[in-house]
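Student: I'd like to learn how to read a model by its side chains. Could we go through one together?
Tutor: Sure, let's pull it up.

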Amino acid sequence: MRAMPDTPAKTRFAPSPTGEIHLGNVRTALFNVLLARKTAGIFLLRIEDTDQARSHEDHRFALEDDLRWLGLE
């Protein structure tokens, strides 16, 4: 097993606000938060609005609320 790097990790979670959060999103966010915490790094939430037709502001707010509910801030 390799040792963790000495430098803090800067992780990012960049979902598109086009619907409800799903298990794959949660898994990715969880792994990124855990790595950032383990290395005293930071976790960034970057909302990528790449699908203008399906993106909606309410989805972004729901995504943020869901991450907070999961304890992934």
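Student: How many salt bridges does a search of the whole structure find?

Tutor: Keep in mind that this is a predicted model. The general idea is that side chains of opposite charge can pair when their charged atoms come close. Here, searching the whole structure turns up two salt bridges.

Student: Okay, which side chain does Arg60 meet in a salt bridge?

Tutor: That of Glu64, with 2.9 Å from N to O. Now look at where they sit: both belong to helix α2, which covers residues 57-69. Because Arg60 and Glu64 are four residues apart there, about one helical turn separates them.

Student: And is Arg60 buried, partly exposed or exposed?

Tutor: Arg60 is partly exposed, since its relative accessibility is 23%, and the cut-off for buried is under 20%.

Student: What about Asp65, which residue does it form a salt bridge with?

Tutor: With Arg68; the closest N and O atoms of that pair are 2.9 Å apart. Asp65 and Arg68 also lie in helix α2, and as they are three residues apart, about one helical turn lies between them. Asp65 counts as partly exposed at 45% relative accessible area, and Arg68 is partly exposed too, at 42%.

Student: Let's switch to strands. Where does Phe43 lie?

Tutor: Phe43 is part of strand β2, residues 42-45. Its relative accessible area is 17%, so Phe43 is buried.

Student: Which residues does Phe43 touch, leaving out those up to four places away in sequence?

Tutor: To read a list like this, check how far along the chain the partners come from. Phe43 touches Thr11, Phe13, Ala29, Asn32, Val33, Ala36, Leu72 and Glu73. The backbone gives a similar kind of clue: the C-alpha atoms of Phe43 and Lys10 are separated by 6.1 Å, with their positions 33 residues apart along the chain.

Student: Thr11 is on that list of contacts. Which strand is Thr11 found in?

Tutor: Strand β1, made up of residues 10-13. Thr11 is buried, with just 6% relative accessible area.

Student: Which backbone oxygen does the Thr11 side chain reach?

Tutor: The one of Asn32, at 3.1 Å. Setting aside neighbours within four places in sequence, the contacts of Thr11 include Asn32 again, along with Leu35 and Ala36. Thr11 also contacts Ile42, Phe43 and Leu44, and those three positions fall within strand β2.

Definitions and conventions:
Residues numbered from 1 in each chain as written. Predicted model: local features only at pLDDT ≥ 70, side-chain atom pairs only at ≥ 80, totals over all residues. Heavy atoms only, no water. Salt bridge = Lys/Arg side-chain N within 4 Å of Asp/Glu carboxyl O. Helix = DSSP H or I, 4+ residues; strand = E, 2+ residues; numbered from the N terminus. Buried < 20%, exposed > 50% of the residue type's maximum accessible area, 1.4 Å probe, protein only. Contact = heavy atoms within 4.5 Å. Polar contact = N/O pair within 3.5 Å; in protein donor to acceptor, adjacent residues only side chain to side chain.
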